[in-house]
Every structure is written in structure tokens, then in C-alpha cells.
Amino acid sequence: MTLKPDHAAVFSPPAAGGRFAAGEDPAKRQQILAGAKRVFMKMGFDAASMNDVTREAGVSKGTLYVYFTNKEELFSAMIETERAAFVAAVRTALAEHDDPEAGLYEFGISFVTHMTDEKVINAMRTVLGVRDRMPVLCQRFFKGPENLRTIMRDFLERHIAEGRFEIDDIDLAAGQFLDLASGSFFKLRLFGSMEEPPSRDEIERVIRGAIRVFMAAYGARQHETA
């Protein structure tokens, strides 16, 4: 299956008279995606049908098919929308901090809280369940044109330029912080060994430890004495 690009930012403006062309109304598309999310999260990909989505979203079957030609395309759009929204939120959080440790802390808390949330875990299990039929979807979900690793890399590059980090291999360092921050939470949640998300205190404990290790390895040593 070939994924279509996300249309959220490329809708044509309304025609004269204030009406969107068929399939071009962003509010209607969002309404469908919100209904689809509830259906897929409740029923899973295989059990869900386009009829279920029309009922949940409150649209006609004709309207649904104007926006999405089949269940695979709808599911792909829903997953991509959710992924892009989280990535954008994390990028904004990092951009707000000039202090690298504060930025790493906010990133780590947001990352682990999101990745261990029940709805996110269920979505990941659903994506993994269709990986043989929809391999491109899996690639975009876990990598994507912009993902957590690329955002972390941009954050590190900015602070390297400002003299706050000393890093030779930025891509390696970005991946290392993600691994340190996630600890074993993600795998335990994904495979059902941890039934409930970790507590805020436990997440903070792991993130603070990850920051200490990361700064010890890569923090600029500007104040060392000879």
C-alpha cells in the first residue's frame, strides 16, 4: 500500500460563497478522523468497518468515501495525524528552553508519559498487527520524515552551537537519550508486562537519572580548571 501525504495543511481555500470543494473541508476531515480514532481504538483495525466509522463520526457513507477511499487509507491518515501532533508538541516544548537540562527534562517527561499511555500503546499494537499488509505505515509511524530522533538532533545541534554540549556523533547521542529516557517502560507496556502506566514520580526519577548520565557524557566542560 502507498500512503498519501497528509492533507491537513494543503486544503484548497473555500470557493466563492464560502463552501469547500468536495473532500477539501478540514473540519469535516477532522470530524471523520476523530470518529475513526474512537472506532479503531475500541475495535482494532481488522474488526472495524467503514460503516462503524460513519456511525461514530456522524457522516454519511458518501461523505466518508469522498475523503478516504478505503479503511487502510483512513487508518493511515489517523495514525499520521496523531503522530504529527505529538511530534509538533514536543518540538514546541524543546524550543521554549534555553537551558539544555530543562529542555531535556520537559522532553523526557512528555515522551515517556505519551509513549506509555494506554491509548498510544493500543495504537502501536494495532500498527504492529498490520505491519505485513501496511509496511510503509509502520515505517512512517516509527520513523517518519520528522520524528523524535530528528527533533532531539535539532535540539542538540542548537545547544552545541551555543557551547552547551560537546558531541561528535549527534545522531548517536540523540538515540542514547531516547533510550535512557524510556528505560524499560515502553517495552514492558507494549508487551503487557506492565499493566498500568508508570507513576509521575517514577517517570521523573528515570528522567532525572537519564539527564545526569547524558550531561556527564556530553555536557560542555567550560569551567574545568587546568
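A charge is said to sit over a ring if NZ of Lys or CZ of Arg is within 6 Å of the ring centre and within 35 degrees of the ring normal. Keep that in mind for one of the stops below. What you have open is a predicted model, so treat this as a walk through a prediction.

**Stop 1: the whole chain**

Start with a cartoon view. The protein chain has 11 helices and zero strands, and from the N terminus on its elements read α-α-α-α-α-α-α-α-α-α-α. Of the 226 residues, 42% count as buried. Take the contacts with a separation of 6 or more: 70% of them come from residues 24 or more positions apart.

**Stop 2: a charge and a ring**

Select Lys 71 and Phe 45. The charged end of Lys 71 sits over the ring of Phe 45, 4.5 Å from its centre. Keep Phe 45 on screen and add Phe 40. How are the two rings arranged, and how far is it from centre to centre? By the ring-pair rule, the count comes to eight aromatic pairs. Phe 40 and Phe 45 make a stacked one, with 6.0 Å centre to centre and 20° between the planes. Phe 40 is buried, at a relative accessible area of 1%, and Phe 45 is buried too, at 4%.

**Stop 3: helix H2 and its neighbours**

Now select residues 50-57, which are helix H2. Colour Met 50, Asp 52, Val 53, Thr 54 and Ala 57, and you have buried residues of H2. What do they pack against? Show helix H1 (26-43), helix H3 (61-67) and helix H4 (71-95), and you'll see the partners of those buried residues. Just after H2, click on Gly 58: this residue takes a positive phi of about 75°.

For a look from the other side, pick Val 39 in helix H1. Is Val 39 buried or exposed? Its relative accessibility is 2%, so Val 39 counts as buried. Leaving out residues up to four places away in sequence, Val 39 touches Gly 44, Ala 48, Asp 52, Val 53 and Glu 56. Draw a line between the C-alpha atoms of Val 39 and Glu 56: they are separated by 7.1 Å, and the two residues are 17 residues apart along the chain.

**Stop 4: the largest nonpolar core**

Nonpolar side chains tend to be buried together in soluble globular proteins. Here, select Leu 104, Phe 107, Leu 156, Phe 165, Phe 177 and Phe 214: of the 36 residues in the largest nonpolar core, these touch the most other members. Helices that each supply at least two residues of this core include H4, helix H5 (100-115), helix H6 (118-129) and helix H8 (148-161), along with helix H9 (170-182), helix H10 (185-190) and helix H11 (200-218). Which helix gives the most? That's H11, with eight residues.

Zoom in on Phe 165. Among the residues Phe 165 touches, not counting those up to four places away in sequence, are Pro 100, Leu 104, Phe 214, Met 215 and Tyr 218. Apart from this core lies another one, of 25 residues, and its members include Phe 45, Met 50, Tyr 67 and Phe 68.

**Stop 5: a cluster of rings**

Show Phe 107, Phe 111, Phe 165, Phe 177, Phe 214 and Tyr 218 as sticks; ring pairs link them into a cluster. Phe 177 and Phe 214 form an edge-to-face pair, with 5.4 Å centre to centre and 75° between the planes. Phe 177 lies in helix H9 and Phe 214 in helix H11, so the pair ties together parts that are 37 residues apart in sequence. Both Phe 177 and Phe 214 are buried.

**Stop 6: H5 against H8**

Hide everything but H5 and H8. Their axes come within 11 Å and cross at roughly 170°. Angles over 145 degrees count as roughly antiparallel, and so that is how H5 and H8 run to each other. The contact is made by Pro 100, Gly 103, Leu 104, Phe 107 and Phe 111 of H5, with Leu 148, Met 152, Phe 155 and His 159 on the H8 side.

**Stop 7: two charged residues to finish**

Arg 149 is in helix H8 and, at 35% relative accessibility, counts as partly exposed. Arg 149 touches Asp 171, Ala 174, Gly 175 and Leu 178, setting aside residues up to four places away in sequence. The C-alpha atoms of Arg 149 and Ala 174 are separated by 5.9 Å, with their positions 25 residues apart along the chain counted as the separation.

Last, find Glu 204 in helix H11. At 19% relative accessibility, Glu 204 counts as buried. With residues up to four places away in sequence left out, Glu 204 touches Tyr 105 and Ile 109.

How values were computed. Residues numbered from 1 in each chain as written. Predicted model: local features only at pLDDT ≥ 70, side-chain atom pairs only at ≥ 80, totals over all residues. Heavy atoms only, no water. Buried < 20%, exposed > 50% of the residue type's maximum accessible area, 1.4 Å probe, protein only. Helix = DSSP H or I, 4+ residues; strand = E, 2+ residues; numbered from the N terminus. Contact = heavy atoms within 4.5 Å. Core = buried A, V, L, I, M, F, W, Y, C linked by side-chain atoms within 4.5 Å. Phe/Tyr/Trp six-rings, centres within 6.5 Å; stacked < 30°, edge-to-face > 60°. Axes fitted to C-alpha atoms, helices over the stretch in contact; angles between N-to-C directions. Parallel < 35°, antiparallel > 145°, perpendicular 65-115°, else oblique.
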